[in-house]
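Thanks for sharing this one with me. Here are my notes as numbered points, to be read with the structure open beside them.

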Amino acid sequence: MNKKPIILGIESSCDETAASILTENEQGLPVILSNIVSSQVDVHKEFGGVVPELAARSHIEKIDLITKKAINESGVKIQDIDAIASTAGPGLIVCLSVGLSFGKAMASSLDKPFIAVNHLEGHALSPKLNSNLNYPYLLLLISGGHTQFLSVKDLGNYKRLGTTIDDAVGEAFDKTAKLLGIAFPGGPQIEVYASKGDPNKYELPKPIFHKGGCNLSFAGLKTAVLKISKQIKTEQEKYDLAASFQKTVEEILLKKSKIAFEEFKKINNTKKNVFVVAGGVAANKNIRTVLENLCADEKFEATFPPVNLCGDNAAMIAMVGLEKFKLKQFSKLDHPARPRWPLDQNAVFLKGAGVKL
Ligand code: KG4
Ligand code: ZN
């Protein structure tokens, strides 16, 4: 019996310090041996958002303990780790540098290969942790910093089909939460508020709904929420606004996913079309249901990571590490931290005023 690869994954791109040990079973499917995530919510709460300097300090304080815990919980001996995979971008440079340097130092001292991982590729591959997912597939990445449709041809081979031209969906959730007086990070709490409200109470705008292919926009929605939030007096009105906001996001994602399905089919001739939804916002139950129903209608197979692996974690980083390890795609120890690192390096930058769709 061949020894199965054992990968240590490390994540520190934003406000989660995380480490995970991943291996695979006899069938070649990944097995998570440990997955430790330490959130910094309490550090940033009073500021209403992530403060880079504080986030970096917190990563420095915790990274060795979290990694030690991941190794101990996995039952693996440190010498048996075959490679170390760290997030190298995109993210906050002061935060990325912590996990990246730590991973490189471990690889160097253990004399094992080092693998630099794109955080977005981690999200893109996260459903592989619980399902037998094969390439190619259509990916909708919905996180705090990104909202994109990508055709995923193979490991490292991405074609962007559409992107937000302003805010990310998660950002819109967090900003709406802030306007409703919900503590940071408010996205998950909007889901709770929405469950108690009337989704048809407020009519909200859906920017570029009828144009721009599967590109998306959420800035106008946020401005409308801002205006209405100023007139809100009761708790019930807050619930209604949260529900109306969430319903509008669902409608935008539904319409744009439908367009993305057509664009994906034009460039991929596969027997089975698969739609993967990943990133923090993929934890939202209503959004999952709407997109699952769409997939049933359009004959796409819907695939989501488990809810606990939608947000930032190191198992998804180790997952990319495992695939790269098998292909011997190792990185040099001088691999830089890359604050901006698009999955589709050829896609044009589509943000800001004057964007032509
Ligand atoms: O993927 P992620 O953990 O971090 C980034 O890479 O950005 O995504 C975090 C985002 C935040 O904006 C958070 O509010 C949002 O995901 N989020 C949700 C839910 N859970 C997390 N948004 C809506 N509904 C949820 N249940
Ligand atoms: Zn993320």
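1. How many of the residues of strand 9 (residues 273-278) are buried? Six of its six, so strand 9 is mostly covered. Both faces take part: Asn273, Phe275 and Val277 are buried on one side, and Val274, Val276 and Ala278 are buried on the other. Please keep in mind throughout that this is a predicted model.

2. Strand 9 has partners to look at as well. Strand 6 pairs with strand 9 in the parallel sense, over four bridges, and within strand 9 it is Phe275 that stands opposite Leu138. Strand 10 also runs parallel to strand 9, joined to it by four bridges; here Val274 has Glu301 in strand 10 as its bridge partner. As a general reminder, strands of a sheet pair through backbone hydrogen bonds, either parallel or antiparallel.

3. Now the chain as a whole. Its secondary structure comes to ten helices and ten strands. A compact globule with 357 residues would have a radius of gyration near 21 Å, and the 20 Å of this chain agrees with that. Taken along the principal axes, the C-alpha atoms fill a box of roughly 60 × 50 × 35 Å. Buried residues make up 53% of the chain. Of the contacts with a separation of 6 or more, 74% are between residues 24 or more positions apart.

4. There is an open sheet worth tracing by eye. Five strands form it in the order 3-2-1-4-5, with mixed pairing. Strand 3 (30-39) and strand 5 (114-118) stand at the edges with a single partner strand each, so one side of each has no neighbour in the sheet. On average, neighbouring strands are turned by 20° against each other, direction ignored. At the strand 5 end, strand 4 (residues 83-89) pairs with strand 5 in the parallel sense over five bridges, and Ile84 stands opposite Phe114 in strand 5.

5. Two helices belong in the same picture. Helix 3 (residues 93-110) packs on this sheet and touches strand 1 (7-11), strand 4 and strand 5; the direction of helix 3 makes about 155° with that of strand 4. Helix 10 (residues 315-326) lies across strand 1, strand 2 (16-24), strand 3, strand 4 and strand 5, and runs at about 40° to strand 2.

6. You will probably want to see the metal site. Which residues coordinate the zinc ion (ligand 2)? They are His119 through NE2, His123 through NE2 and Asp312 through OD, at 2.0 to 2.1 Å. The site has four donor atoms with angles of 94 to 135° among them, and is tetrahedral. Along the chain the donors follow the spacing H-x3-H-x188-D. His123 sits in helix 4 (residues 119-125), while Asp312 is in the loop between strand 10 (300-303) and helix 10; the two are 189 residues apart, and this pair links distant parts of the chain. His123 has a relative accessible area of 1%, so this residue is buried.

7. Ser143 deserves a look too. Ser143 is in the loop between strand 6 (137-142) and strand 7 (147-154). Is Ser143 buried or exposed? Its relative accessibility is 8%, so Ser143 counts as buried. Leaving aside neighbours within four places in sequence, Ser143 is in contact with Ala168, Val169, Gly170, Glu171, Gly279, Gly280 and Val281.

8. Finally, some backbone details to check. Most residues other than glycine have a negative phi, and most peptide bonds are trans. In this model, a cis peptide bond joins Gly89 and Pro90, with omega about -10°; Pro90 is in the loop between strand 4 and helix 3. Another cis peptide bond joins Phe184 and Pro185, with omega about -10°, and Pro185 is in the loop between helix 5 (169-179) and helix 6 (187-194).

9. Positive phi values turn up in loops. Asp111, in the loop between helix 3 and strand 5, has a phi of about 60° although it is not a glycine. Asp111 is exposed, at 68% relative accessible area. Ile208, in the loop between helix 6 and helix 7 (219-229), has a positive phi near 45°. With a relative accessible area of 14%, Ile208 is buried.

Conventions. Residues numbered from 1 in each chain as written. Chains lettered and ligands numbered in written order. Predicted model: local features only at pLDDT ≥ 70, side-chain atom pairs only at ≥ 80, totals over all residues. Heavy atoms only, no water. Pairing = 2+ DSSP bridges. Axes fitted to C-alpha atoms, helices over the stretch in contact; angles between N-to-C directions. Contact = heavy atoms within 4.5 Å. Buried < 20%, exposed > 50% of the residue type's maximum accessible area, 1.4 Å probe, protein only. Donors = N, O, S within 2.8 Å, 3.2 Å for Na, K, Ca; no water. Tetrahedral: all angles 85-135°; square planar, octahedral: opposite > 155°, others 65-115°. Rg over C-alpha atoms; globule rule 2.2 N^0.38 Å.
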